Amino acid sequence: MTELSRRLKFALLACLWVALLIGCGSGVNDLATTHPPLQPQTPAPYVPGTGYLEIDQPAIHLMQQMQANSVTLSLVSDGGTTVLSISTPATSLQTTGTFVGGGRGNKAIAQLDGFGGLKLADLAGVELDAKLVTGGTGNFYMNFLVDLDCVKNEDVNTMTIADIRANRRVIVWIPGAGVLQPDGYTRYNVAPTDAQWLIVGSPTLGMGANPSGPATALGLTGFPNACIVDGVSADGGLPRNLNQPACVTGAALPTTASAACGVGHKGALILLGDSNNTAAKSYNIKRVKIKERVIVFR
């Protein structure tokens, strides 16, 4: 075999090998031609109430700034797992002026992010894994701030407390009997169809009035688009905005006061205590699930 023949044979073998990879002759990658690279995809719209959320110490520090009188929020270790400790101390009644209303008790408030815009019709359910640490049971519950039409166009700077309460309502879930878990925590759960829901204020829109009841299923008659919203509720049992000089008084605020006297907050809250609470109470919270969103602590 001549030197030229050997070179031709080598070139042919090389071309056959390359053909298996990118095609011989034109040098064009046929795979790239028939299967173009994937193009960047537009992210799916965020669905409120989905995903996974870890609440850490900086977030707890921010929450500590929205409390009513003497309370404590902290992250602690329980059996090697980080949990939220929420507690109120034994005290005498405080001076009037911390709450929008005339309350003088201690109320701890934990805020849960990621539910603004979630329609009540899509809520699906709530799970809460909690354990009583000190004190008696009771005064442990959740609030959901609801915008009746979900338009969320309220301007608290031009509205009164009465105005904002007519547009935004607070719905209450008071956990009943739960199921004890192997780790010592009790799992409380509720579905929209369960008769465990109450609403603050009047009219009740087909629900049970808080706190007198009776509790009813979740649903606001006449407002099918009602949704959870992050914002100001100016609820009488929540903290007032003490950064507004006109809101700093030694008395309950009238409903003619500015809606800006209410502190803005997340639409889903876990609370311990009430406007008259002076008892020492403490709960540990290990896990919360609202719709598909699971919330834990680290």
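Helices here are DSSP runs of H or I at least four residues long, strands are E runs of at least two, and both are numbered from the N terminus. Keep that in mind as you click around, and remember that this is a predicted model.

**The whole chain**

Start with everything shown as a cartoon. You should find four helices and 17 strands. Of the 298 residues in the chain, 42% are buried. Contacts reach a long way along the sequence: among those with a separation of 6 or more, 73% join residues 24 or more positions apart. Switch on a surface and you are looking at about 14,900 Å², with carbon and sulfur atoms supplying 58% of it.

**Stop one: the loop after α3**

Select Gln67, in the loop between α3 (57–64) and β2 (72–78). Is Gln67 buried or exposed? Its relative accessibility is 10%, so Gln67 counts as buried. Now show its side chain. A polar atom there sits 2.6 Å from the backbone oxygen of Met63, and the side chain also reaches the backbone nitrogen of Ile109 at 2.6 Å. Beyond its sequence neighbours within four places, Gln67 is in contact with residues including Leu73, Thr98, Lys107 and Pro239.

Stay in that loop and pick Asn69, which also lies between α3 and β2. Asn69 is not a glycine, yet its phi is positive, about 65 degrees. At 21% relative accessibility, Asn69 counts as partly exposed, because the cut-off for buried is under 20%.

**Stop two: Thr88**

Next, go to Thr88 in strand β3 (residues 81–88). With a relative accessible area of 4%, Thr88 is buried. What does its side chain make a polar contact with? The partner is the side chain of Asn277, at 3.1 Å. Look also for the backbone oxygen of Ala279, 3.0 Å from a polar atom of the Thr88 side chain. Leaving out neighbours within four places in sequence, the contacts of Thr88 include Ser70, Val71, Asn106 and Leu272.

**Stop three: β5 and its two partners**

Colour β5 (residues 126–134), then β9 (residues 186–190): these two pair in the antiparallel sense over five bridges. Val126 has Val190 of β9 as its bridge partner. Now add β16 (residues 281–290), which pairs with β5 over eight bridges, again antiparallel. Here, Thr134 is bridged to Ser282.

**Stop four: the nonpolar cores**

In soluble globular proteins, nonpolar side chains tend to be buried together. To see this chain's version, select Leu112, Trp197, Leu220, Ile285 and Ile290, which touch the most other members of the largest nonpolar core, a group of 45 residues. Zoom in on Ile285: setting aside neighbours within four places in sequence, its contacts include Val83, Leu128, Phe140, Tyr185 and Phe297. There is also a second, separate core of 13 residues, with Val156, Ile161, Ala259 and Cys261 among them.

**Last stop: backbone oddities**

Most residues other than glycine have a negative phi, and most peptide bonds are trans. Where can you find exceptions? Try Lys152, in the loop between β6 (140–147) and α4 (161–167). Lys152 has a positive phi of about 55 degrees without being a glycine, and its relative accessible area of 40% makes it partly exposed.

Then visit two prolines. The bond from Ser202 to Pro203 is cis, with Pro203 in the loop between β10 (197–199) and β11 (208–209). The bond from Gly213 to Pro214 is cis too, and Pro214 lies in the loop between β11 and β12 (227–228).

Terms used:
Residues are numbered from 1 along each chain as its sequence is written. This is a predicted model: local features need pLDDT of at least 70, side-chain atom pairs count only at pLDDT 80 or more; totals for chains, interfaces and linings use all residues. Side-chain values use heavy atoms; hydrogens and water are left out. Two strands pair if DSSP finds at least two bridges between them. A nonpolar core is a set of buried Ala, Val, Leu, Ile, Met, Phe, Trp, Tyr and Cys residues joined through side-chain atoms within 4.5 Å. Buried means under 20% relative accessible area, exposed over 50%, partly exposed in between (1.4 Å probe, protein chains only). Contact means heavy atoms within 4.5 Å. A polar contact is a pair of N or O atoms within 3.5 Å; within protein, one must be able to donate a hydrogen and the other to accept it, and residues adjacent in sequence count only if both atoms are side-chain atoms. Accessible areas come from the Shrake-Rupley method with a 1.4 Å probe; for residues, only the protein chains shown count as cover.
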